[in-house]
Amino acid sequence: MALGGLATGLLAVLLTYAALPRLDLTRYEQVSTTVHARDGELLNVFLSQDHAYRLDTRLADVDPRYVQALLALEDQWFWWHPGVNPFALVRAAGQWATTGAVVSGGSTITMQVARLLEPKSRTVWHKWQQMVRALELEVRYSKREILQMYMTMLPMGGNLEGLRAASLRYWGIEPQNLSLSEVSLLLSVPQSPEVRRPDRKPENTLRSIQWVGRMLVDAGVFPASDLDELNTLPFDALQPLPNVAWHFAKRAVEIHGTDKDGGAVPSSLDYRLQQSVTRKTAQFAKRLSASENISVMVTNGQTGEILAYIGSLGLNSDAGYMDLTRATRSPGSTLKPFIYGMAFDDGLLTPQTLLHDTPKAYGDYAPSNFDK
């Protein structure tokens, strides 16, 4: 009898799998394009093709306690089940039949990944399809890869998706060293993204993280001494995503290129030097009128690599945000920085040297401006 039931179930899975179209991985593959400095520092984040901030999230990017907490609450048998946990499904169905309400979910992490990849209405037929997809995912991918899919696509409210995007937006940090309240928030929001968004429903978020946080302490993921964190919401305001050297980042994407699905773009930019040049540019800009602008490019003379890049005073500058490093200039203006640089190298001038802008003759040669 048991073997007959198993054979019938296996046949139903195979027939359903054969009837389903090819698994649609578009959502997971269409991550945001990111541009990185030479040391790996994140410089800029662009929207994905479907207009979401969805950052590729590796397990190495995430605090291990988050993973431990996630599995403790959502899927304790994740590392051992084949994508579907029959005991959890039977328990959830029994509770629903007894109480008439959903007391606990039967979905595994893998089943949730299937739902994120192919969202469908909550019907018995679609639930069955989701289970078949979960089995398919377990055959095609490792457990670590499935976890990474989940953490990349988690709905966090609005067009914010995934653990890294949420952590950067909530606190301006990568999710690598998180507190109890922060982990609780990241676990709470996906369960009801629009109702528990900390920027719109802070009172709902606080109640939720207090409940989740106590469960994590009871599960031994965090010590009881951390419970005091749950008295206040670990959120003040949404932080801007990294937007360093915007013109350079956009140009790097154009030159390097990524496939249509986004991804990480490396660059030659020196993050610390860029920060230093940005600060000095901002200080100098205070001397300028509203119609004046600044552009800066620092290069390595030996390799030609661009180390720092400021196209203009900024996207919100009154003087406009055109990339002035690429503006067409007259030959004299083009050569001038290099001539000055050579004069500095040869000791003929210093940055403090004043040169008089007056007519001068060199033997029979007396240069003049184009406009005389």
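This report looks at some salt bridges and one pair of packed helices in a predicted model.

## Salt bridges in the model

Let's start with charge. Side chains of opposite charge can pair when their charged atoms come close. Searching the whole structure turns up 16 salt bridges. Here are three of them, taken one by one.

## Lys120 and Glu118

Lys120 pairs with Glu118 through their side chains, with 3.7 Å from N to O. That counts as a salt bridge because the cut-off is 4 Å between a side-chain nitrogen of Lys or Arg and a carboxyl oxygen of Asp or Glu.

Are these two buried or exposed? Lys120 is partly exposed, at a relative accessible area of 39%. Glu118, on the other hand, is buried, at 14%.

## Two pairs inside helices

Next up is helix H6, which covers residues 124-140 and holds both Arg140 and Glu136. The two sit four residues apart, or about one turn of the helix. They form a salt bridge too, and their closest N and O atoms are 3.2 Å apart. Arg140 is partly exposed, with a relative accessible area of 39%, while Glu136 is buried, with just 9%.

Helix H11 (residues 246-256) has a pair with the spacing of about one helical turn: Glu254 and Lys250, four residues apart. Their side chains meet in a salt bridge, 3.4 Å from N to O. Glu254 has a relative accessible area of 47%, which means it is partly exposed. Lys250 is partly exposed as well, with a value of 38%.

Which residues do shared partners link up? Salt bridges with partners in common tie Glu118, Lys120, Arg133, Glu136 and Arg140 into one network. So the Lys120–Glu118 pair and the Arg140–Glu136 pair both belong to that network, because all four residues are in it.

## Where H3 meets H7

Now for the helix packing. Two packed helices are described by the angle between their axes and the distance between the axes. Helix H3 (residues 64-74) packs against helix H7 (residues 143-153) at an angle of about 95°, and their axes are 13 Å apart. H3 is therefore roughly perpendicular to H7, since angles of 65 to 115 degrees count that way.

What residues make the contact? From H3 come Tyr66, Val67, Leu70 and Leu71, and they meet Leu147, Tyr150 and Met151 of H7. Sorted by class, the contact between H3 and H7 has seven nonpolar residues, with no polar and no charged ones.

How values were computed:
Residues are numbered from 1 along each chain as its sequence is written. This is a predicted model: local features need pLDDT of at least 70, side-chain atom pairs count only at pLDDT 80 or more; totals for chains, interfaces and linings use all residues. Side-chain values use heavy atoms; hydrogens and water are left out. Buried means under 20% relative accessible area, exposed over 50%, partly exposed in between (1.4 Å probe, protein chains only). Axes are lines fitted to C-alpha atoms, for helices over the stretch in contact, and angles run from 0 to 180 degrees between N-to-C directions. Angles under 35 degrees count as roughly parallel, over 145 as roughly antiparallel, 65 to 115 as roughly perpendicular and the rest as oblique. Contact means heavy atoms within 4.5 Å. Ala, Val, Leu, Ile, Met, Phe, Trp, Tyr, Cys and Pro count as nonpolar, Asp, Glu, Lys and Arg as charged, and the others, Gly among them, as polar.
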